[in-house]
Every structure is written in C-alpha cells, then in structure tokens.
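Biologist: I am new to this structure and should be grateful for a close look at a single part, the sheet and the helices on it. Please explain each term as it arises.

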Amino acid sequence: MKVASVLLLLACSAFFFAASFVSADPSAVTAFADANWNCANAACTSKVAVGQGQPNYQCAEFVSRSLAAGGYIPGIGPHDSQNSYLNYKHNGVAYDLLWVSSKQGGPKGLEDLLKVLGWTTVPNNQVQAGYALMLVGAEGAFSHTAVGVANGLTDAHNVAHLRAPTSVYLGINLIYKPPN
C-alpha cells in the first residue's frame, strides 16, 4: 500500500508539473504584447506613438506581463496589480518583475526568475514568439528587455516598439526560450 501511495503521489506531481507548462502559449504572449506595446500604463488607459517613452510602464513589467499572459509565469496574471509584480515570490524566493536582472545590480529580477523556471539561452538570431530578450540599454548590459512576438521580431517598452527587428537594440546580452 505504501508503494502504491508513493507511486500515485509521484504520478500526480509529474502531471501537475507538466500541466503547468502545457498551458503555456506563445500566441497568447504575442496577442498581449501586440495589444499593449503602446500603452502608457499597465491599465492601458492611454497610449503613446511609436518611439515615445513609457515611464509608468517600463520594459521589465511589460515583458513580465506578456509572459504571464502566455502562462509562463506561474501564479500571476497579466492584469494583476503592479505590486504583485514588484513583490512576486516563487518557491519562497522574492523577485522584482519590474526589474530586468540582478546582473545590473539590485534585486533578483525577470531574468533571474526565468533561469529558475528552466528557461535556456539560444543564439541571438533565433528570436521566436514567447522568447525573452535581455538587452543592452541606456544603463548598460542587462538594463533593457523585450519579448519575442514572431520569428526575428519583438515588442518592447520604455521606447514603444511594435514588431521591431532585433537590430533596433543597442545590443543583445542573451535570448531565453521557455522550457519544452
């Protein structure tokens, strides 16, 4: 009986772990990003033109919300409060999903969470829908991020970009793809 209980527990655990990634959908990432690329704030109560700034809805929050819309960030939705993204916890560890990466100093950010969730890097020419790009920004390496929305194309915030090629960025640090 104990062996059967352990096997049942293992089977259920494997199912729920696999199910958490089965629901992930890169087309939902693209749909959210394409609908919100020019929003001036997370509620999208106003919009900006291509190339304009978005100081109230910056890059890491935009990419985090896009990935959440696709089911890639467990336990949080794309329309949850900004505070939920600021104080996100996974397995008891705090992450600031309004921040790109601890590599730029500061708290653990989006990149740190993606690595813990099993995301892996790909070559710089392999951007696809649902991928996350860690970029060189105005403040140096790992200070900007964008989300892949199609083969070779991204949406981004801080300076509003819709379906922009990776060539518009100062430089690519790393590109992450979700776990299979």
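Modeller: The account below takes up the sheet, then the helices that lie on it. This is a predicted model, in which local features need pLDDT of at least 70 and side-chain atom pairs count only at pLDDT 80 or more, while totals for chains, interfaces and linings use all residues. Residues are numbered from 1 along each chain as its sequence is written, and side-chain values use heavy atoms, with hydrogens and water left out.

The sheet is open and has 6 strands, in the order β3-β8-β4-β5-β6-β7, with antiparallel pairing. At its edges stand β3 (120-122) and β7 (161-165), each of which pairs on one side only. From one strand to the next, the twist averages 40°. Here strands (E, at least two residues) and helices (H or I, at least four residues) are DSSP runs, numbered from the N terminus, and two strands pair if DSSP finds at least two bridges between them.

Within this sheet, β5 (residues 140-150) and β6 (residues 153-156) are joined in the antiparallel sense over 3 bridges. G148 stands opposite T154 in β6.

Helix α2 (residues 26-36) packs on the sheet and touches β5, β6 and β7, its direction making about 110° with that of β5. Contact means heavy atoms within 4.5 Å; axes are lines fitted to C-alpha atoms, for helices over the stretch in contact, and angles run from 0 to 180 degrees between N-to-C directions. Helix α3 (residues 59-69) lies across β4 (132-137), β5 and β6, and runs at about 35° to β5.
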